[in-house]
Amino acid sequence: MMRKGTTFTRFIIEEQRRIPNTTGEFTLLLSAIVTACKEISDGVNRGQLINVLGSADTENVQGETQKKLDIISNEIMLKALEWGGHLSGMASEEMEDVYPIPARFPKGKYLVVFDPLDGSSNTEINVSIGTIFSILRCPEGITNPTEADFLQPGTQQVCAGYVLYGPATNLVLTTGQGVNGFTLDQDIGEFILTNPKLKIPTAAKEFAINMSNQRYWEPAIKRYIDELIAGDDGPREKNFNTRWIASMVAEVHRILMRGGIFLYPKDGRENVHKGRLRLLYEANPMSFIIEQAGGAASTGRGRILSVVPDSLHQRIPVIIGAKEEVERVEQYHREMDATLGEQAVPHRQMEPTT
Ligand code: F6P
């Protein structure tokens, strides 16, 4: 039977042809990332059968317990990307320091940062998880990049994408020319272009936030969420639904396809004081994708993509989704800061010390 649809390989080669004087380095890099994600997809899919679920009994740099699949996925990414000659270095959620390209391989003009398996608390319960990646240019003249070379604002990303391991495996990608979505055809092992030129619906009906943290929120977040919950009895005069999967990739994918807003704000807890999600390999790639799809991404006090990172594993508040909603949250922050002052707020809401 003849299959219809553009394969990912064809898609990226045709994209490359549009740009004069390209070397194909970027195309090969993307293709290597996609191959790694297919392998991760297979591991996630067969996890229980091949005994790779559960905790690895180790902690990552953030002090979070690593799952066996976190470590395996990280290894898969490193091994798939280190040999190709397109990279000068990599950084990952699972590694404290920059990963240099081994001396036996040639180096290239790009850097990659990734979260190999985001939402991995969900691996044991068969709930969707994903890989997030961001491609940056290696600064001119640098062949052994250090942390400082990765600290580029999100506006400088060459490409950002995620792969969602759900009932189907989806790849969503932007190179700054809109957003395209692909679905893995398991029979032929190829991603097929199924969602070209994705645009986030403008009217939001759903919101995603971990409600269990509400006692730590700043007043601006509390005000915004209270209004959504009040539904057609409140100032918004319409009802909103809520979803929380605890898997950012699944959450952002839903919002991209169906509209809405996702919030992981900073709050009064000691370890969430600057936010929970990581700027370089979670917030930036997702913000690039959502902006390219017509949405917005903010810390509540400014555009995420404009933030100049101060460290590899920096955390940041994330408010992302339909533009009007994100702008409203920003407005509530402005109004709150004008009366309370930003610095005063988190300290008023410290975690109880019971
Ligand atoms: O590391 C990130 C992550 O797993 C995200 O995918 C998700 O949005 C978030 O953590 C869930 O956090 P919490 O368990 O605090 O709700």
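I will go through the ligand site, then one strand and its two neighbours, and finally the cysteines. Please keep in mind throughout that this is a predicted model.

Let me start with the ligand, which is surrounded by 13 residues, the closest being D118, N210, M248, Y264 and R278. By character, the residues of this shell divide into 6 nonpolar, 3 polar and 4 charged. Two strands, β13 (261-264) and β14 (277-278), each supply at least two residues of the shell. As for individual polar contacts, an N or O atom in the side chain of N210 lies 2.7 Å from an oxygen atom of the ligand, while for the side chain of R278 the corresponding distance to a ligand oxygen is 3.0 Å. The side chain of E282 also places an N or O atom 3.2 Å from an oxygen of the ligand. Of the 400 Å² that the ligand exposes when taken alone, the protein buries 84%.

Let me turn now to strand β8, residues 169-174, where 6 of 6 residues are buried. The cover extends to both faces of β8, since T169, L171 and L173 on one side are buried, and so are N170, V172 and T174 on the other. On the sequence side before it, β8 pairs with β7, residues 159-165, in the antiparallel sense over 6 bridges, and within that pairing V163 stands opposite L171. The two strands form a hairpin, with 3 residues between β7 and β8. β8 is also joined by 5 bridges to β9, residues 179-185, again in an antiparallel arrangement, and here the partner of N170 is T183. The hairpin of β8 and β9 has 4 residues between the strands, and in it G176 takes a positive phi near 95 degrees.

That leaves the cysteines, and one may ask how many disulfides the model contains. The count comes to 0 disulfides. C37 is in no disulfide, the nearest cysteine sulfur being that of C159, 11 Å away, and C37 itself counts as buried, at 1% relative accessibility. Why, then, does C138 form no such bond? The closest cysteine sulfur to that of C138 belongs to C159 and is 17 Å away, which is too far for a bond, given that a disulfide requires two cysteine sulfur atoms within 2.5 Å. C138 is likewise buried, with a relative accessible area of 10%.

Note on methods
Residues are numbered from 1 along each chain as its sequence is written. This is a predicted model: local features need pLDDT of at least 70, side-chain atom pairs count only at pLDDT 80 or more; totals for chains, interfaces and linings use all residues. Side-chain values use heavy atoms; hydrogens and water are left out. Buried means under 20% relative accessible area, exposed over 50%, partly exposed in between (1.4 Å probe, protein chains only). A residue is near a molecule or strand if one of its heavy atoms lies within 4 Å of it. A polar contact is a pair of N or O atoms within 3.5 Å; within protein, one must be able to donate a hydrogen and the other to accept it, and residues adjacent in sequence count only if both atoms are side-chain atoms. Accessible areas come from the Shrake-Rupley method with a 1.4 Å probe; for residues, only the protein chains shown count as cover. Ala, Val, Leu, Ile, Met, Phe, Trp, Tyr, Cys and Pro count as nonpolar, Asp, Glu, Lys and Arg as charged, and the others, Gly among them, as polar. Two strands pair if DSSP finds at least two bridges between them.
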